[in-house]
Amino acid sequence: MYVDSHCHLSFPELHERLPELRREMATAGVDRALCICTTLEEFERVHALALAHDNFWCTVGVHPDNEGVREPGLDDLVSRAGLPRVVGIGETGLDYYRLGGRSVADMEWQRERFRVHIRAARASGLPLVVHTRSAGADTVALLRDEGQGAVRGVFHCFTETLEIAAAALDLGFDISFSGILTFRNAQALREVARFVPLERCLIETDSPYLAPMPHRGKTNHPALVPFVAAALAEIKGLPVAEVARATSANFERLFGLPPLSGLPEKI
Ligand SMILES: [Zn+2]
Ligand SMILES: [Zn+2]
């Protein structure tokens, strides 16, 4: 019924509980999950999750916050993008939230890394999973400049303004909402969610981070994504089943997956 379009099941706190977490997913009606890569060093572990479970898929990419890791070249990304069950490039993007005493001008290395990922998306034809924090305008500008209208994808764990959401939609990107949508102080984000058409919305946990209410502060995991769907349903004034159906269909369309009915019923 539900899809978690962005989770980090390769991270130790989730990976070591995988059988239990998969049982909880089944109980909660969370049929599928996309396992997101954040370093090249981590890729094999993420890919192994997707190879071992027919309701998991994965991406390849290096997160903008990761420093001191292997810097990806175009070939590193494109070669892995061609492997079975790799359906996206990312997570990638820009994050000016933690500058650590540096200026935005000092972050050229991050912009260059993002450019390489956008080129990899163009070369492979796979969608981009975009992380953007306190860097919305530059993110949109780079996607426009480097993507040349030929790249699709999703702005994940969206926390930017209505203007950035409109620009992302205009570029052909979808918007994914996380448990932040359930936080009491997230009124501005709820306004963004009201504005984004349902057929352009995805839902995610970004687990192990950002557990939705009423689990805020605990370790997040894919079985909690229905709380995000419920929040979105309330904002849209729709039944939660309609939000589940639409966000799952949007996920299938964006990542080029068959509808679940075409897959074996195996958890
Ligand atoms: Zn992210
Ligand atoms: Zn993430």
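# Why these words fit this model

Me: Cys157 belongs to the loop that runs between strand 6 and helix 7. How do you know what counts as a helix or a strand?

Reply: Both are runs assigned by DSSP and numbered from the N terminus, a helix being H or I over at least four residues and a strand being E over at least two. The structure is a predicted model, in which local features need pLDDT of at least 70 and side-chain atom pairs count only at pLDDT 80 or more, while totals for chains, interfaces and linings use all residues, and side-chain values use heavy atoms, leaving out hydrogens and water. Residues are numbered from 1 along each chain as its sequence is written, with chains lettered from A and ligands numbered from 1 in the order in which they are written.

Me: Why is Cys157 called buried, and why is Ser134 called partly exposed?

Reply: The relative accessible area decides, with a 1.4 Å probe and protein chains only: under 20% is buried, over 50% is exposed, and anything in between is partly exposed. Cys157 has a value of 10%, so it is buried, whereas Ser134, in the loop between strand 5 and helix 6, has 42% and therefore counts as partly exposed.

Me: What makes the phi of Cys157 worth noting?

Reply: Most residues other than glycine have a negative phi. Cys157 is not a glycine, yet has a positive phi of about 45°, and Ser134, also not a glycine, has a positive phi of about 55°.

Me: What makes His6 a donor to the zinc ion (ligand 2)?

Reply: A donor is an N, O or S atom within 2.8 Å of the metal (3.2 Å for Na, K and Ca), and sites may look incomplete because water is not among the atoms. His6 (NE2), His8 (NE2), Glu91 (OE) and Asp206 (OD) coordinate the zinc ion (ligand 2) at 2.1 to 2.5 Å, so they meet that limit. His6 is buried, at 1%, and His8 is buried as well, at 2%.

Me: Why is the site of the zinc ion (ligand 2) called irregular?

Reply: Four donors are tetrahedral if all angles lie between 85 and 135 degrees; four are square planar and six octahedral if opposite donors are over 155 degrees apart and all others between 65 and 115; anything else is irregular. The 4 donor atoms here make angles of 88 to 172°, and the site is irregular.

Me: Which residue coordinates both zinc ions?

Reply: Glu91 does, and the two ions are 3.5 Å apart. Besides Glu91 (OE), the zinc ion (ligand 1) is coordinated by His131 (ND1) and His156 (NE2), at 2.0 to 2.1 Å. His131 is in strand 5, while His156 is in the loop between strand 6 and helix 7, 25 residues apart.

Me: How do you know what span to expect of helix 9, and what is that span?

Reply: The expected span is 1.5 Å times one less than the number of residues. Helix 9 has 12 residues, so the expected span is 16 Å, and the 17 Å from its first C-alpha to its last is close to that. Helix 9 is also mostly covered, with 9 of its 12 residues buried, including Val228 and Leu232.
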